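This report walks through one structure for a reader who is meeting it here. Please look over the sequence and the model before reading on.

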Amino acid sequence: MPHISYDNKEIAFKLVYCGPGLSGKTTNLARLHTMLAEHVRSKMISLDTAEERTLFFDFCPIEIGTIEGYRVRFNMYTVPGQIYYEASRRLILDGADGVVFVADSQRDRIDDNIISFELMQENLRSYHIDVPDFPLVLQYNKRDCAEALPIGTLEAHLHLANIDVFEAVATEGVGVMETVRCVCRRMVNRFQID
Amino acid sequence: MMVATRRRNIVVNGDLNAVSLKEHLGALVKTSGALTALLITKEGHGIAEAGDTSYLNTTAMAALVAGMFSATREVARMVGEQQFSILLQQGETRHIHISLVTNSAMMIVIFEDYQRIGRVRHEAKKMGELVGQVLAKGTDKAKVSEELSVPEFKEYALNLIDRIFAMK
Ligand SMILES: Nc1nc2c(ncn2[C@@H]2O[C@H](COP(=O)(O)OP(=O)(O)OP(=O)(O)O)[C@@H](O)[C@H]2O)c(=O)[nH]1
Ligand SMILES: [Mg+2]
């Protein structure tokens, strides 16, 4: 449920980028940030290690405009992908209105993708987020790598029948906008007050 | 104009909602001599703010403090506590007092004179109870739905999304 504040005159959705370590979650958000017009974005905050691995989260609020006096915002987060940071990941998924799962298309990452997806599903369930009708989008990132996983591989393994799927090369900004637009539209389509 | 604002401040039949959250926070800033007060959810969204916010990115502040608080709560559980209800950060010239007002909301008070910590703590506790009562009533959404039609909101929002996340 998006956050609605009468006092602050604001409606805010929470979008979280999930996926295995190094799949390109931070790159997606960073590219999105640079591609957006100045007036909609604020500074991106990254809580990361010296090696630029996400330690807690990246955060970037995007204000799309004002509707009937209410500022409408998407608060974008990435989680740390490394298995080790499971506790932090769970905290950040709390209250998510939508999720982008950034998969790594390199063949040897297939198991990491599957494990990461299953852990994410468990976390969402622990917050009573029912996965089938939840705004969840699957992005196959790193399509520029040699012998990328064929589209459909993860859907088959994870029994995802009707999921929205996008191909991306986040480092070049390819597929970044398409992915975020789709998940934001789905979050808005589910919007209701109460 | 005067009449309208005045009337909003009158507590009718003990109805706490006659005083908004913003006004409660404003009162807290005054009585404690603080710089700024913010009310945020545990998911990191802002609910209300008062005092000087010109020096502060309140959106980022809300996200970071919520992260901090949730991490601290996990740490509390590890040592057998439900949670730590207050977090205090002491700086060189500015200090932050963070307290839990309900299970899902926290209040942030930023102040400058550390001598005032007793006052801040006392006022934050007092105001936290009032704010908690207002939040418990959860009338925000009813008020918003009076001002906002859902179908129109969706139509406008989808339009904005298509414009802003357009492929270049
Ligand atoms: N070739 C290629 N490299 C990419 C692509 N997207 C990201 N990378 C690279 O992959 C590495 C990891 O990217 P990040 O965005 O930091 O990955 P992450 O998912 O945030 O990683 P964690 O924070 O550890 O979970 C970086 O060196 C990126 O430049 C892509 O589409 N193609
Ligand atoms: Mg990262």
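How far does a polar side-chain atom of T26(A) lie from an oxygen atom of ligand 1? In this model, which is predicted, the distance between the polar side-chain atom of T26(A) and the oxygen atom of ligand 1 is 2.8 Å.

## Around ligand 1

Two further contacts of ligand 1 can be described alongside that of T26(A). A polar backbone atom of G81(A) is found 2.7 Å from an oxygen atom of the ligand, while a nitrogen atom of ligand 1 has a polar side-chain atom of T171(A) at 3.4 Å. Considered by itself, ligand 1 exposes 660 Å², and the protein buries 78% of that area.

The surroundings of ligand 1 comprise 18 residues, and those that come nearest are K25(A), T27(A), R53(A), T54(A) and G81(A).

## The magnesium ion

The magnesium ion, which is ligand 2, has as its protein donors the OG1 atoms of T26(A) and T54(A), which lie 2.0 Å from the ion. T26(A) belongs to helix α1 (residues 25–35) of chain A and T54(A) to strand β4 (residues 54–67) of chain A, so the two donors tie together parts that are 28 residues apart in sequence.

The two residues fall into separate classes of accessibility: T26(A) is partly exposed, with a relative accessible area of 26%, whereas T54(A) is buried, with a relative accessible area of 9%.

## Aromatic pairs

Over all chains, the count of aromatic pairs comes to nine. One of them is formed by F13(A) and F74(A), a stacked pair whose rings lie 5.0 Å apart from centre to centre, with 20 degrees between the planes. This pair links distant parts of the chain, since F13(A) sits in strand β2 (residues 10–18) of chain A and F74(A) in strand β5 (residues 70–78) of chain A, 61 residues apart. F13(A) counts as buried at 1% relative accessibility, and F74(A) counts as buried at 0%.

In chain B, the ring centres of F111(B) and Y114(B) are 6.2 Å apart and their planes stand at 25 degrees; because planes under 30 degrees apart count as stacked, this pair is stacked as well. F111(B) counts as buried, at 0% relative accessibility, but Y114(B) is partly exposed, with a relative accessible area of 26%. An aromatic cluster brings residues of both chains together, being formed by F13(A), F74(A), F191(A) and F153(B).

## N8(A) and its contacts

N8(A) is placed in the loop between β1 (3–5) and β2 of chain A, and this residue is buried, with a relative accessible area of 9%. Although N8(A) and Y70(A) are 62 residues apart in sequence, they are 8.4 Å apart in space, taken from C-alpha to C-alpha.

Which residues does N8(A) contact, leaving aside its neighbours within four places in sequence? In chain A the contact is with R71(A), and in chain B the contacts are with G46(B), I47(B), A48(B) and E49(B).

## Chain B as a whole

Chain B contains six helices and five strands, and their order along the sequence is α-α-β-β-α-β-β-β-α-α-α. Of the 168 residues in chain B, 45% are buried.

Among the contacts in chain B with a separation of 6 or more, 47% come from residues 24 or more positions apart. The area that chain B exposes is about 9100 Å², of which carbon and sulfur atoms supply 54%.

Methods. Residues are numbered from 1 along each chain as its sequence is written. Chains are lettered from A and ligands numbered from 1 in the order in which they are written. This is a predicted model: local features need pLDDT of at least 70, side-chain atom pairs count only at pLDDT 80 or more; totals for chains, interfaces and linings use all residues. Side-chain values use heavy atoms; hydrogens and water are left out. Donors are N, O and S atoms within 2.8 Å of the metal (3.2 Å for Na, K and Ca); water is not among the atoms, so sites may look incomplete. Helices (H or I, at least four residues) and strands (E, at least two) are DSSP runs, numbered from the N terminus. Buried means under 20% relative accessible area, exposed over 50%, partly exposed in between (1.4 Å probe, protein chains only). Contact means heavy atoms within 4.5 Å. Accessible areas come from the Shrake-Rupley method with a 1.4 Å probe; for residues, only the protein chains shown count as cover. A residue is near a molecule or strand if one of its heavy atoms lies within 4 Å of it. A polar contact is a pair of N or O atoms within 3.5 Å; within protein, one must be able to donate a hydrogen and the other to accept it, and residues adjacent in sequence count only if both atoms are side-chain atoms. Rings of Phe, Tyr and Trp (its six-membered ring) pair if their centres lie within 6.5 Å; planes under 30 degrees apart count as stacked, over 60 as edge-to-face and the rest as tilted.
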